[in-house]
Amino acid sequence: MAEAGEGTATDCVYKNPNEGVEDRIQDLLQRMTVEEKIGQMTQIHCSVSSAAVVKDFFIGSVCNSPGGTEDWAEMIDGFQTAAIETRLAIPIIYGLDAVHGNNKFNGATIFPHNIGLGATRDCDLARRIGSATALEVRASGAHWVFAPCVAVCKDPRWGRCLESYSEDTEVVCNMTSIVSGLQGTPPEGHPAGYPFVAGRNNVVACAKHFVGDGGTEKGKSEGDTIASYEDLERIHIAPYLNCIAQGVSAVMPSYSRWNGKKLHGDRFLLTEILKHKLGFKGCLVSDWSGIDKMGEPRGSNYRECVKAAIDAGIDMVMLPYEYEKFINELTSLVQSGEIPMSRIDDAVERILRMKFTAGLFEHPFSDRSLLKFVGCKEHREIAREAVRKSLVLLKNGKDSEKPFLPLDRNAKSVLVAGTHADDLGFQCGGRTKTWQGQSGRITIGTTVLDAVKAILGAETEVVHEKIPSEETLSDKDFSYAIVVVGEGPCAESKGDDPEPSIHFDGAEVVRLVAEKIPTVVILMTGRPVVLDTTMLEKVEALVAAWLPGTEGDGIADVVFGDFDFTGKLPMSWFRATEQLPMKAEADGYDPLFPLGFGLKFN
């Protein structure tokens, strides 16, 4: 649509894909008005977006919503058509949370949450998960994922513990290989800190939440990380160095504070450290309503908060709703000289760099041929492998000389019980289909009950009762019981818990069953939880399965002995919350199970 833009491909450097990215950026930047620049810095939610809004406000980005299949691509392409019909034809970039697969898209492969992937210690697996996720995201029409979370979680009371690979910085650093899966691997000699996206089957990645979000006092979401700069750099900044070395295109600041100062307004960390010292050349995008949350009370002193955030170094603002208010305030701040034009130009350069390197100017629209990859067999096999490798065996037999696992697949009668045994929503956890997650068969996948029935076959009687009756427990002659319990799905601050525990009276269900039948317990949690010592003594075997996603077959693969356990604890498993936060290197370290613990069959 050359007539919609200014000039043609032959006389506009920015439209010529054969020109260098930096030349294209400067050519386009000098053609842009202040209104067009501020529009590029604006990210809005799809529910308030329309062709008219994109055109009238020169919107630079639209962000996520739960979706369907092909209709989602149609929606994004509609916004894109409007963007390309503007004067300069600058494409939008569409972003979404894809934190364990394209988790809001119908039929997508849902991988284990990061806490489970950290238990695998397998950086190649993380890369392959990134590649699979990228394909399923591009199939939906989106270009940008707000992932990975590279927080180093120091306290399991934090509601986002499930999003952290480990309490160990080295483990988190190694698992950042998912960035190269999402974006593709940069060629040798690629400039340090410069964004990289390999092609149309890859997505823009966003490392988050810069920085120290996993180190807040008592694990409080949006809380305060009290630490020297040296400790912050050693523990929490280190994973970002790995992401930047892989050409990560975007970084998102944390809602939290460092020594009392909110990260969204911390120029020292966002500009002097991230952009200057670490050499990050990509886009710094705020978190959802990040500017509103800077005000106390929330939403107050809005103009001052906009100025503080932009001055601190934020390039694009995820509003996501009140875009006119933001655009008016930022325009006024620029016109008054309170925010210099050089800061606006720096922000827009970074946004355009992200868009040019992602190939959006050449390929702005969705590729419907990729829909065949959504939930495909190959991706589900990767997820199943991830489940197998994430399982951590914590106990195997009351007598160490008589291991209980692997289970006998020739058993005559087996009881499967617990709230999580046949609940795909609980198995996937938060941030699946909805923000907080939900219960039930919410998508396509295999529960533990499905997997057990498939592996045992018709010869074995499989009895399923979520909470077994006294009659069932007394009258049936079961060979063994599989009890699957855990936490309810949650996300962010709603998951903060001063006493992380098994929900829905799961421990009582375990006790009732284990008193009558030899029992293996499979725990589905996003963190270590309080384990009653009496319950521990009664069960024959205990497996930490974390939040495994859609492929429950991976659990059966291991507990029935087709594969051995290889997972290692990504976090110290505390005895009591009074011990938190735990430090593996500290004197007096006395966990129930230490960091790195994990048994095998042999």
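1. Valine 452 counts as buried because its relative accessibility is 2%, under the 20% cut-off used for that class. This residue belongs to helix α16. The model is a predicted one, and this and every other value in the note is computed from it.

2. What does valine 452 touch, once its neighbours within four places in sequence are left aside? Its contacts are Val416, Ile482 and Phe560. Lysine 402 stands 50 residues from valine 452 in sequence, and the C-alpha to C-alpha separation of the two is 23 Å.

3. Helix α16 spans residues 448-456 and lies across four strands: β13 (413-417), β14, β15 (480-486) and β16. The helix runs at about 170° to β14. Helix α18, residues 506-514, lies across β13, β15 and β16; its direction is at about 170° to β15.

4. These strands are part of an open sheet of six, in the order β12-β17-β16-β15-β13-β14, and the pairing is mixed. Which strands form the edges? They are β12 (392-396) and β14 (461-465), each of which pairs on one side only. From one strand to the next, the twist averages 15°.

5. Within the sheet, β16 (residues 519-524) and β17 (residues 541-544) are paired in the parallel sense, with four bridges. Valine 520 has alanine 541, in β17, as its bridge partner.

6. Elsewhere, helix α6 (residues 123-139) meets helix α14 (residues 377-390). Their axes come within 10 Å and cross at roughly 145°, and the crossing is left-handed. From α6 the contact takes in Leu125, Arg128, Ile129, Ala132, Leu135 and Glu136; from α14, His379, Ile382, Glu385, Ala386 and Lys389. Sorted by class, this contact has six nonpolar, one polar and four charged residues. As background to the spacing of such residues, an α-helix has 3.6 residues a turn, so residues three or four places apart point the same way.

7. Helix α1 covers residues 21-29, and its buried residues are Arg24, Ile25, Asp27, Leu28 and Leu29. The buried residues of α1 pack against two helices, α2 (34-40) and α13 (341-357).

8. On confidence, the pLDDT of the protein chain averages 96, and 97% of the residues score at least 70. Residues 1-9 have a pLDDT below 50. In the model this stretch nevertheless has 25 contacts beyond near neighbours in sequence.

Definitions and conventions
Residues numbered from 1 in each chain as written. Predicted model: local features only at pLDDT ≥ 70, side-chain atom pairs only at ≥ 80, totals over all residues. Heavy atoms only, no water. Axes fitted to C-alpha atoms, helices over the stretch in contact; angles between N-to-C directions. Left-handed = near helix turned anticlockwise from the far one by under 90°. Contact = heavy atoms within 4.5 Å. Nonpolar A, V, L, I, M, F, W, Y, C, P; charged D, E, K, R; others polar. Buried < 20%, exposed > 50% of the residue type's maximum accessible area, 1.4 Å probe, protein only. pLDDT = per-residue confidence, 0-100. Pairing = 2+ DSSP bridges.
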